[in-house]
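Hi there,

Here is the structure I promised to pass on to you. Have a look at it first, and then read on for what turned up.

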Amino acid sequence: MVLGWGRRKKNNKNNKGLKPNMEVVIPNQFKCPITLDLMKDPVTLSTGITYDRESVERWFDEGNYTCPLTNQIVKNFDMIPNHSLRIMIQDWCVENSKNGVERIPTPRIPISPIDVSELLFRVMESVKGLDQYGCIGLVQKMEKWSNESERNKKCIVENGATSALALAFDAFANDSIERNVVVLEVILSALNWMFPLQLEAQKSLGSKASLHCMVWFLKHQDVKGKEKAIIALKEILSFGDEKHVEALLEIEGVNQLLIELINKRISPIITKASLRVIWYLVSSNSNFNEKMKFSFVELDLLSSILNILIDSEKSFCEKALVILDSLLSCDFGRKKAYENDLTIPLLVKKILRVSPLTTEYSVSSIWKMCKYEEKNYEGKALIEALQVGAFQKLLLVLQVGCSDDTKDKATELLKLMNPYRAELEECIDSDFKNLKRSY
């Protein structure tokens with residue numbers, strides 16, 4: 001087998017006479033039976049077969065309980081490092097260094113649950129004394145462990161790190177955001193790779209002090225800091241706890257801030273996460289739901305959503321349409337939608353253009369606008385939809401297949417449009433190629 005692992009050395013003046021591009025065959029005993037690649041950290045199972053640690057751990061993580069090569073049921077999942085074989089592999093790498101093979105490093109010993117528990121105990125001790133510099137050093141040590149292997153990451157998360165760090169974040173945020181900003185950023189950075197959160201961690205990060213801190217980060221930190229904060233907010237709200245929704249909405253200016261993050265498009269991560277946070281807010285069952293939607297519409301969220309629909313990729317469009325459909329459930333949202341000339345053309349354009357999800361929410365949004373038209377706008381949405389080719393697209397939706405709910409709404413829309421169709425058929429232009437962004 002041809003070596004597929006490792007980087008080849010550059011052919012510079014110091015390597016005269018060498019053959020860096022020469023193909024090197026890996027000895028069979030050095031190859032992992034799972035990937036057939038050179039083993040970097042060979043470990044032996046109770047079945048007596050040796051594998052590369054990363055490959056066999058992934059095998060077991062996927063729910064397998066057998067030895068990949070022998071198909072025997074593995075009763076003892078201990079993995080014994082095969083030091084002799086590793087040394088042989090390293091020696092072979094050195095012998096073939098002239099052909100561009102790099103020596104594999106000696107793997108670090110994986111951390112144990114006891115190591116994690118001891119470190120977290122020291123973290124909580126530093127939190128009690130509000131020792132931010134001591135806490136920073138301990139969290140950075142945890143980050144170093146996590147960077148060594150996926151196994152270490154898993155061990156850290158499974159032994160309570162998220163709950164401990166969330167408690168630490170809440171404690172330092174409750175003390176003073178400005179004074180503890182460095183340690184708060186370090187903790188939030190560590191938590192970002194530990195998501196999804198455990199229940200206890202979610203409660204701590206959802207506290208008023210923690211939420212205030214994340215909003216402060218969104219206002220004052222750099223792009224990386226903003227990304228960590230908005231991802232954390234998205235994770236907290238994903239649990240659907242109304243207390244967190246209400247606590248976030250109590251923070252002055254948070255709605256305006258979220259809309260600004262969408263409009264500025266600082267980074268794709270921030271834009272996507274901001275859209276998700278807004279969706280969690282407008283779709284919640286909170287007592288403030290209608291008031292919340294009114295606030296977002298009043299801040300012209302609808303125009304921001306339509307701008308996203310004009311020229312954004314699939315994932316942005318899907319999130320934007322889900323939010324728009326929710327805003328159109330209230331009278332004020334529909335009123336603002338009627339007043340924007342881009343609403344109906346863009347919704348019709350997205351049908352069968354992006355994904356089944358965008359088709360579903362585009363049909364739902366058009367249905368809400370047409371079915372619940374106010375007297376001042378009676379027939380306007382239906383006529384405009386007909387003019388931009390909605391009738392033909394809705395027929396196609398029924399032909400290609402859709403969910404029962406979308407089918408019912410498309411059928412009802414066709415019935416509502418039918419009386420207007422004859423007199424406006426000549427105006428239909430399903431492509432509307434001249435659609436431009438309004439300035």
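Let's start with a place where two helices touch: I344, P345 and V348 in α18 meet A381, E384 and A385 in α20. Before you zoom in, keep in mind that this is a predicted model. Helix α18 covers residues 343-350 and helix α20 covers residues 380-387, and their axes lie 9 Å apart at an angle of about 50 degrees. That angle makes α18 oblique to α20. As for handedness, α18 and α20 cross in a right-handed way.

If you wonder why I keep quoting two numbers, it is because two packed helices are described by the angle between their axes and the distance between the axes.

Now try a second pair. Helix α10 (residues 223-237) and helix α13 (residues 268-282) have axes that come within 9 Å and cross at roughly 30 degrees. Angles under 35 degrees count as roughly parallel, so α10 and α13 are roughly parallel to each other. On the α10 side, the residues making the contact include V223, I230, I231 and L237, while α13 brings, among others, I269, I270, V277 and L281. Charged-looking names turn up in that list as well, including K226 and E227 of α10 and R276 of α13. The crossing of α10 past α13 is left-handed.

While you are on α10, click on I236, which sits in that helix. Is I236 buried or exposed? With a relative accessible area of 1%, I236 is buried, because anything under 20% counts as buried. Leaving out residues up to four places away in sequence, I236 touches L197, Q202, L205, G206, L211, M214 and H244. There is also a C-alpha distance to try with your ruler tool: I236 and S204 are 32 residues apart along the chain, and their C-alpha atoms are separated by 9.7 Å.

Next, zoom out to the whole chain. How many helices and strands does the protein chain have? The secondary structure comes to 22 helices and three strands. The chain has 439 residues, and 48% of them count as buried. Its accessible surface is about 22400 Å², with 50% of that belonging to carbon and sulfur atoms. If you take the contacts between residues at least 6 apart in sequence, 67% of them join residues at least 24 apart.

Then there is the inside. In soluble globular proteins, nonpolar side chains tend to be buried together. Here the largest nonpolar core has 111 residues, and I187 and F296 touch the most other members. Setting aside neighbours within four places in sequence, F296 is in contact with N255, L258, I259, I278, L281, V282, L301 and L327. You may recognise L281 from the α13 side of the helix pair above. A second core, separate from that one, has 21 residues, including I26, C32, L38 and F60.

Two of those names are worth following up. I26 is found in the segment before β1, and I26 is buried, with a relative accessible area of 2%. The C-alpha atoms of I26 and I89 are separated by 9.6 Å, although the two residues are 63 apart along the chain. F60 belongs to helix α1 (residues 53-61), where the buried residues are R53, S55, V56, E57 and F60. What covers the buried residues of α1 includes β1 (42-44), β2 (50-52), β3 (80-81) and α5 (150-158). Just after α1, G63 takes a positive phi of about 100 degrees.

Finally, a few backbone oddities to hunt for:

- L36 has a positive phi of about 65 degrees even though it is not a glycine. L36 is in the segment before β1 and is partly exposed, with a relative accessible area of 43%.
- L352 also is not a glycine, yet has a positive phi of about 60 degrees. You will find L352 in the loop between α18 and α19 (356-371), and at 40% relative accessibility L352 counts as partly exposed.
- The peptide bond from F195 to P196 is cis, with omega near 5 degrees. P196 is in the loop between α7 (181-192) and α8 (199-205).

Have fun poking around!

Cheers

Technical notes. Residues are numbered from 1 along each chain as its sequence is written. This is a predicted model: local features need pLDDT of at least 70, side-chain atom pairs count only at pLDDT 80 or more; totals for chains, interfaces and linings use all residues. Side-chain values use heavy atoms; hydrogens and water are left out. A nonpolar core is a set of buried Ala, Val, Leu, Ile, Met, Phe, Trp, Tyr and Cys residues joined through side-chain atoms within 4.5 Å. Buried means under 20% relative accessible area, exposed over 50%, partly exposed in between (1.4 Å probe, protein chains only). Contact means heavy atoms within 4.5 Å. Helices (H or I, at least four residues) and strands (E, at least two) are DSSP runs, numbered from the N terminus. Accessible areas come from the Shrake-Rupley method with a 1.4 Å probe; for residues, only the protein chains shown count as cover. Axes are lines fitted to C-alpha atoms, for helices over the stretch in contact, and angles run from 0 to 180 degrees between N-to-C directions. Angles under 35 degrees count as roughly parallel, over 145 as roughly antiparallel, 65 to 115 as roughly perpendicular and the rest as oblique. A crossing is left-handed if the near helix is turned anticlockwise from the far one by less than a right angle, and right-handed if clockwise.
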